[in-house]
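Here's a short set of exercises to work through with the model open. Try each task before you read its solution.

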Amino acid sequence: MTSKSNTNALKVFPRRHLLTCEGLSANEINFLLDLADKNADHIRNNGRKRDVLAGRTIINLFFESSTRTQASFEMAGKRLSADVMNMNVATSSVTKGETLIDTAVTLNAMRPDIIVVRHHAAGAVELLSQKVDCSVINAGDGAHQHPTQALLDALTIRRAKGRIAGLTVAICGDILHSRVARSNINVLNALGARVRLIAPTTLMPSSPERLGCEVFTDMWKGIEGVDIVMMLRLQRERMDASYVPSTREFFHFFGLDHEKLARAKPDALVMHPGPMNRGVEIASTVADHSKSVIREQVEMGVAVRMAVLEALSAHLPGFAEDAR
Amino acid sequence: MRKPIEKPKSLGTATVFINARLIDPASNRDEPGGLLVKDGMIADLGAHLRRNAPEGANVIDCKGNVLAPGLIDAQVFTGEPGYEHRETLKTASHAAAAGGVTTIVVMPDTNPVIDQVALVDFIQRRARDNALVHVQTMAAMTKGLQGEEMTEIGLLKRAGAIGFSNGKSSVINTRVMRNVLSYAKDFNALVVHHTEDPYLSSGSMNSGEVASRLGLPGISKIAETIMLERDVRLVEMTGGRYHAATISCQESLDVVKNAKAKMLPVSCGVSINHLTLNENDIGPYRTFFKMRPPLRKEEDRVAMVQAVANGDIDVIVSSHDPQDADTKRRPFAEAADGAVGLETLLSAALRLVHSGDMTLSAMLKALTINPARLLGLHSGRLAKGSIADLVLFDPGEPWVVNKDLLRSRSKNTPFDEAKMQGRVLRTMVAGQTVYEYAGVERT
């Protein structure tokens, strides 16, 4: 299976890096989701780790603190037998004033195979990718992209609903500051879903309809009849002015409670990329409700990241010998 | 929106006004007739009621005087809560009733500032229990009026706030103002802004010859216009509903006219002081003429009057601002701004009619239907089924203002000893008479 899927990867997923979801084709996305689907089943069936990346080195380079994404990438790498190194940026040379590019060149000299990068500045991961020989995976750059999150969301939806095309997905909350929203818009649109954005104007990027979405500033209307309600975290740390007056008011008008959820389809699913602010964007009881697939999202995270690592590894130099 | 706390309506006996001159700017009505009030509402009106009172009704003979919708004053500062020694909702409402004003919009510049749902509720409950006239709340658009963080505009509106203002100060932070306008638009909330750049307005009177002679630091008109121009740009960007609270000069008027020509949701108001007084009235440092924006030159006053006459200015306000001796009896530069105006609002506005500058209807329009529409109120018109908020006034009766007889708790009127022509005879709020002129002024 390993060598076959890797050979396919060269044809179907001819990319060295995964930096953005913009421009990913439905074919490419489905290829990754199919691969991830198998991984998910493999893990559920208590499957042992596979040796696809044995002898390969992955560096998790997180310039922004993260618990779940970093752990998820580490887990994914280890389940594929890679050697995973977590770079703790707080103790690194970055705090001593080294530029991003110098850091990249330094790491590159150590010849890792894949670098997983999270950075607080939009575009930083792409910049880094231009300076290294290895593959680079974007684990979130500013308010730009978070590709593996969108892929794991898509996989969660596909497994729960059996399809993505034709579904209506509402993405609600702080869209302005959300890389998750941007990646999801790309992936869901590519797969034929209808995407709605729900937020107060102050938390909506400009020209949102140009991103291929229907736009609502009234959650009561926006949530009407949707199949999926995807809540976003209110990113207070990214707010440099008064975008919303209070968490109380935000919850009242844009928080997901049972009353608003009742307007979605009866079998609608509730999603959240985490970490949740209970009582700010989502009522505690909704988060724990049977319609909530928030835990599945975390589970799919490992499977999807394994798939991405696997797909990219097909492009690593020396892969051909391995396959033989 | 939650139903506002309303005054109980009077039930029972009908009241009919006969022999009146009915003026209703909303319907362009100006004709002899009568008006029937039943259960706090206008049950009927028109020429057919001019002489014929329905059986059993309580008859009021207007003797040809004007019966018009009660005035709506969109900018009233009181001292409640926090400065009750200057004015309470109760005393302000008595002044309003005596001035023919049936709805006052109270500003958030209190202590504490009206920036929370509980305080809007407080104002409405206090008003229901103590005020003679309708009281509407203008809530703060930024917390503590500090201009930094916006208030809970959605929840405040649901609690009954009819608009959002930063009181006597401008929001300097452009980003905050943009966000307020954007956010308010989502809730279709009205933003009312005092436009004055604080860096350009640290003086104490209009900049110009008079200020130079008096040796007072001047406030140039550009302080007002520059802030207004900025705001209009932000309205253009965000689409938020915007009302410039009180403009005072031709340049500002031009900005508003341009914005209206672009079909932007922009309107403006002017205070009665800027329609009837000018900087020369300050004379020997009379602090009762110190206000914000400052009284301007005569040509600015004339421009403001013309703009009301032709409809470019939408709303006239009293900008009633009670100040006591502590804050007013000081050297000019140190004295507080502001003047009371509720009781003299209509009489002062009638000066503009008597001088031939505008019709009675044009003047009343800016005090009734225009503010009603701006604020989303159902009053301000004479129509069947509308609330019976009415003013009966004699447009010709001469009288002299005596500040000691004002009902307002503070006496800082710029019209003390001024000769007025035209006075309120009766004020009715929701079918109940809340003021009746006894023929001689009380002492």
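**Exercise 1.** In which helix of chain B does B:V120 lie? Once you have found it, work out its burial and its surroundings.

*Solution.* Keep in mind that this is a predicted model. Step one: look at residues 117-130 of chain B, which form helix α2, and you'll find B:V120 there. Step two: check the accessibility. B:V120 has a relative accessible area of 0%, and buried means under 20%, so B:V120 counts as buried. Step three: list the neighbours, skipping residues up to four places away in sequence. B:V120 touches B:I114, B:T137, B:A139, B:L156, B:A159, B:G160 and B:A161. Step four: pick a pair for distance. B:K157 sits 37 residues from B:V120 in sequence, with 9.4 Å between their C-alpha atoms.

**Exercise 2.** Is B:T433 buried, partly exposed or exposed? Place it in its strand too, and find its contacts.

*Solution.* Start with the secondary structure: B:T433 belongs to strand β18, residues 432-436 of chain B. Next comes the accessibility, 37% in relative terms. Partly exposed is the class between 20% and 50%, so that's where B:T433 goes. Now the contacts, again leaving out residues up to four places away in sequence: B:T433 touches B:R426, B:T427 and B:M428. Finally, try a long jump along the chain. B:L132 is 301 residues away from B:T433 in sequence, yet their C-alpha atoms are 9.4 Å apart.

**Exercise 3.** Which residues of chain A does the UniProt annotation "binding site" cover? Describe where two of them lie.

*Solution.* The unreviewed UniProt entry gives A:K96, A:R179 and A:R233. Take A:R179 to begin with: it is part of helix α7, which spans residues 179-190 of chain A. Its relative accessibility is 8%, so A:R179 counts as buried. Then move on to A:R233, which is found in the loop between β8 (228-231) and α9 (247-254) of chain A. Beyond residues up to four places away in sequence, A:R233 touches A:D174, A:H272, A:P275, A:N277 and A:E281.

**Exercise 4.** What do the two UniProt domain annotations on chain B look like in terms of helix and strand?

*Solution.* Get the ranges from the record. In the unreviewed UniProt entry, "domain: Dihydroorotase catalytic" is listed for residues 64-252 of chain B, and "domain: Amidohydrolase" for residues 355-435. Residues 64-252 are 37% helix and 20% strand, and their end C-alpha atoms lie 39 Å apart. For residues 355-435 the figures are 16% helix and 32% strand, with 27 Å between the end C-alpha atoms.

**Exercise 5.** Why does the radius of gyration of chain B agree with a compact globule? Round off the picture with the whole-chain figures.

*Solution.* First, the expected value: for 443 residues, a compact globule would have a radius of gyration near 22 Å. Chain B has 21 Å, which agrees. Second, the box: along the principal axes, the C-alpha atoms fill roughly 65 × 50 × 45 Å. Third, the make-up: chain B has 13 helices and 18 strands, and 63% of its 443 residues are buried. Fourth, the contacts: of those in chain B with a separation of 6 or more, 75% join residues 24 or more positions apart. Last, the surface and charges. Chain B exposes about 16,500 Å², with carbon and sulfur atoms supplying 48% of that area. It carries 52 positive and 51 negative side chains, and the centres of the two sets are 3 Å apart.

Key
Residues are numbered from 1 along each chain as its sequence is written. Chains are lettered from A and ligands numbered from 1 in the order in which they are written. This is a predicted model: local features need pLDDT of at least 70, side-chain atom pairs count only at pLDDT 80 or more; totals for chains, interfaces and linings use all residues. Side-chain values use heavy atoms; hydrogens and water are left out. Helices (H or I, at least four residues) and strands (E, at least two) are DSSP runs, numbered from the N terminus. The radius of gyration is taken over C-alpha atoms; the globule rule is 2.2 Å times the number of residues to the power 0.38. Buried means under 20% relative accessible area, exposed over 50%, partly exposed in between (1.4 Å probe, protein chains only). Contact means heavy atoms within 4.5 Å. Accessible areas come from the Shrake-Rupley method with a 1.4 Å probe; for residues, only the protein chains shown count as cover. Lys and Arg count as positive and Asp and Glu as negative; His and the chain ends are not counted. The place of a charge is taken as NZ of Lys, CZ of Arg, CG of Asp or CD of Glu. UniProt positions are given in the numbering used here, feature names are shortened, and annotations may be inferred rather than shown by experiment.
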